[in-house]
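Let's take a walk through this protein together. We will begin with one pair of side chains and then step back to the whole chain.

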Amino acid sequence: MATLKIKKGDTVKVIAGKDCNAEGKVVSIDVKKHRVVVEGVNMITKHAKPSAANPNGGIVRKEAPIDISNVMLVYKGVPTRVGFKMEGDKKVRFSKKTGEVID
């Protein structure tokens, strides 16, 4: 399986869907389903029953996962595509817009 170009903690911009042009930080990644959860994007409302953690229950707003193809990495404030190259014996990500190594 190919490695994903987005990592947890990256800042991404949504490029498709109802939250188009929204930016946020990646909270989690589901590698098998190719989905990411982005902070403040794709908010849903869930009706929670009372529990020990949430004694009152009620309506909870939380982020839902979106497909990884609908987000683009933001590097130095500019959305960019990501590529991989070898630097010595290490595989690194680089920005296709500037050619700079990301990490």
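In this predicted model, the side chains of Asp 10 and Arg 93 are joined by a polar contact of 2.8 Å. To find the two partners, look first at the segment before β1, where Asp 10 lies; strand β1 itself covers 11-14. Arg 93 belongs to strand β10, made up of residues 90-95.

Are these two charged residues buried or exposed? Asp 10 has a relative accessible area of 13%, and because buried means under 20%, Asp 10 counts as buried. Arg 93 is buried too, at 3% relative accessibility. So the polar contact between Asp 10 and Arg 93 joins one buried residue, Asp 10, to another, Arg 93.

What else surrounds Asp 10, apart from its neighbours within four places in sequence? Besides Arg 93, Asp 10 is in contact with Lys 5, Gly 24, Lys 25, Val 26 and Leu 73. Now turn to the other partner. With neighbours within four places in sequence again set aside, Arg 93 touches residues from several parts of the chain: Lys 5, Ile 6, Lys 7 and Asp 10, then Leu 73, then Val 82, Gly 83 and Phe 84, and finally Glu 100, Val 101, Ile 102 and Asp 103. If you compare the two lists, you will find Lys 5 and Leu 73 in contact with Asp 10 and also with Arg 93.

Now let's zoom out. The protein chain has ten strands and zero helices, so from the N terminus on you meet β-β-β-β-β-β-β-β-β-β. The radius of gyration is 17 Å, well over the 13 Å that the globule rule gives for 103 residues, so the chain is more spread out than a compact globule. Along the principal axes, its C-alpha atoms fill a box of roughly 55 × 30 × 20 Å.

How much of the chain is buried? Of the 103 residues, 26% are buried, and Asp 10 and Arg 93 are among them. The chain exposes about 6900 Å², with carbon and sulfur atoms supplying 53% of that area. Taking contacts between residues at least 6 apart in sequence, 37% join residues at least 24 apart.

Finally, a look at charge. The protein chain carries 21 positive and 11 negative side chains, and the centres of these two sets lie 5 Å apart.

Notes. Residues are numbered from 1 along each chain as its sequence is written. This is a predicted model: local features need pLDDT of at least 70, side-chain atom pairs count only at pLDDT 80 or more; totals for chains, interfaces and linings use all residues. Side-chain values use heavy atoms; hydrogens and water are left out. Helices (H or I, at least four residues) and strands (E, at least two) are DSSP runs, numbered from the N terminus. The radius of gyration is taken over C-alpha atoms; the globule rule is 2.2 Å times the number of residues to the power 0.38. Buried means under 20% relative accessible area, exposed over 50%, partly exposed in between (1.4 Å probe, protein chains only). Contact means heavy atoms within 4.5 Å. Accessible areas come from the Shrake-Rupley method with a 1.4 Å probe; for residues, only the protein chains shown count as cover. Lys and Arg count as positive and Asp and Glu as negative; His and the chain ends are not counted. The place of a charge is taken as NZ of Lys, CZ of Arg, CG of Asp or CD of Glu. A polar contact is a pair of N or O atoms within 3.5 Å; within protein, one must be able to donate a hydrogen and the other to accept it, and residues adjacent in sequence count only if both atoms are side-chain atoms.
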